[in-house]
Amino acid sequence: MRLDNMLLAEGVAGPEKGGGSAAAAAAAAAAGSPTDNSIEHSDYRAKLSQIRQIYHTELEKYEQACNEFTTHVMNLLREQSRTRPISPKEIERMVSIIHRKFSSIQMQLKQSTCEAVMILRSRFLDARRKRRNFSKQATEILNEYFYSHLSNPYPSEEAKEELAKKCSITVSQVSNWFGNKRIRYKKNIGKFQEEANLYAAKTAVTAAHAAAAAVQNSQTNSPTTPNSGFQMKDEEFQLDSAENKNTLLTNMFTGGYPAPCYQSDGRIQ
DNA sequence: AAGAATGATTGACC
DNA sequence: GGTCAATCATTCTT
């Protein structure tokens, strides 16, 4: 009974099911509540409840019509009983015919409701599958964070939330982005070197401005710069040495490619 | 139209 | 539970 299960899972089954309502509640609870993707999801839920409402009102209408028709037929039979004898069995037969007819109509209603739910579902899933590239600003913000935390590009939950807010995307999208970025950067550091230098320069410039404002007479010209490549956390301090920074600074302006600092085997954590 | 880039999903791992 | 790695599916670039 796929259709029934589906309706139950979506909470479309009505109270007329009697004992089934408990099963409906259980199924709804078991289905869980994926509370991510709030905007599209709430839209989905709204449409679903709309379908459910239509189903219930239609069902009620049929129920009522069935009752009305039954009493109408009963009246007719009663009238006919004056002219000819009508057995209780015949009445029973008529009533059961009517009920059968109406229950088949209700079945059709259930089926079409189910179809509507399925269509809604597939549309929802399609919408989720369809992706849009993030805005340029969003990518910029994410890249800025990534390259300025290259030694440990793992934003905390709070940092993720902040980035998500700044980029107007969800936290899981931020997680996805960092997951993709880490793996793709690691796979081909050379390809990303230009980008890395760009963002390193960007943060260097802003840091330099701050530094210049603070210490005008100082000779220090090495603002905080990111590492050349992210490493295992164990190596972080070792590779974040001043020597490394200087190398990067030089490379930044000469366009050189600093050697990647990866361990041959391990994962990044 | 083909290939590259990119966001999302999935399964395995710790 | 978060991450990695492979992969899918769509979008962008050439």
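## Polar contacts with DNA strand B

A polar contact is taken here as a pair of N or O atoms within 3.5 Å, and in this predicted model a polar side-chain atom of Arg184 lies 2.7 Å from a base oxygen of DNA strand B. Arg131 likewise places a polar side-chain atom 2.6 Å from a base oxygen of DNA strand B. For Gln173 the partner is a phosphate oxygen of DNA strand B, and the distance from a polar side-chain atom of Gln173 is 2.7 Å.

## The surface around the strand

DNA strand B is surrounded by 11 residues, the closest of which are Arg131, Gln173, Asn176, Asn180 and Arg184. By class, the residues of this surface comprise 5 charged, 4 polar and 2 nonpolar. Seen from the side of the DNA, 44% of the atoms of strand B within 4 Å of the protein belong to sugar or phosphate, while the rest belong to bases.

Which helix gives the most to the surface near DNA strand B? It is helix α7, spanning residues 171–187, which contributes 5 residues.

## How α7 packs against α5 and α6

Two packed helices are described by the angle between their axes and the distance between the axes. The axes of α5 and α7 cross at roughly 55° and come within 11 Å, which makes α5 oblique to α7, and the crossing in which α5 passes α7 is right-handed. From α5 the contact draws on Thr139, Leu142, Asn143, Tyr145, Phe146 and Tyr147, and from α7 on Val174, Trp177, Phe178, Lys181, Arg182 and Tyr185. Sorted by class, the contact of α5 with α7 holds 8 nonpolar residues, together with 2 polar and 2 charged ones.

Helix α6, residues 157–167, packs with α7 at an angle of about 105°, the two axes lying 8 Å apart; α6 and α7 are therefore roughly perpendicular to each other. On the α6 side the residues are Glu157, Lys160, Glu161, Leu163 and Ala164, and these meet Val171, Val174, Ser175 and Phe178 in α7. The contact of α6 with α7 is made up of 5 nonpolar, 3 charged and 1 polar residues. Val174 and Phe178 of α7 thus appear in the contact with α5 and also in the contact with α6.

## How α5 packs against α8

Helix α5 (residues 136–148) also packs with helix α8 (residues 189–214), at an angle of about 90° and with the axes 9 Å apart, and the two helices are therefore roughly perpendicular to each other. In this contact Thr139, Glu140, Asn143, Glu144, Tyr147 and Ser148 of α5 meet Phe192, Glu195, Ala196, Tyr199, Lys202 and Thr203 of α8. The classes in the contact of α5 with α8 are 4 nonpolar, 4 polar and 4 charged residues.

Thr139, Asn143 and Tyr147 of α5 are among the residues that meet α8, and they are likewise among those that make the contact with α7.

## Val95 in helix α4

Val95 is placed in helix α4, which covers residues 88–129. Leaving aside residues up to four places away in sequence, Val95 touches Thr70 and Met74. Val95 and Asn67 are 28 residues apart in sequence, and their C-alpha atoms are 10.0 Å apart in space.

Key: Residues are numbered from 1 along each chain as its sequence is written. Chains are lettered from A and ligands numbered from 1 in the order in which they are written. This is a predicted model: local features need pLDDT of at least 70, side-chain atom pairs count only at pLDDT 80 or more; totals for chains, interfaces and linings use all residues. Side-chain values use heavy atoms; hydrogens and water are left out. A residue is near a molecule or strand if one of its heavy atoms lies within 4 Å of it. A polar contact is a pair of N or O atoms within 3.5 Å; within protein, one must be able to donate a hydrogen and the other to accept it, and residues adjacent in sequence count only if both atoms are side-chain atoms. Helices (H or I, at least four residues) and strands (E, at least two) are DSSP runs, numbered from the N terminus. Ala, Val, Leu, Ile, Met, Phe, Trp, Tyr, Cys and Pro count as nonpolar, Asp, Glu, Lys and Arg as charged, and the others, Gly among them, as polar. Axes are lines fitted to C-alpha atoms, for helices over the stretch in contact, and angles run from 0 to 180 degrees between N-to-C directions. Angles under 35 degrees count as roughly parallel, over 145 as roughly antiparallel, 65 to 115 as roughly perpendicular and the rest as oblique. Contact means heavy atoms within 4.5 Å. A crossing is left-handed if the near helix is turned anticlockwise from the far one by less than a right angle, and right-handed if clockwise.
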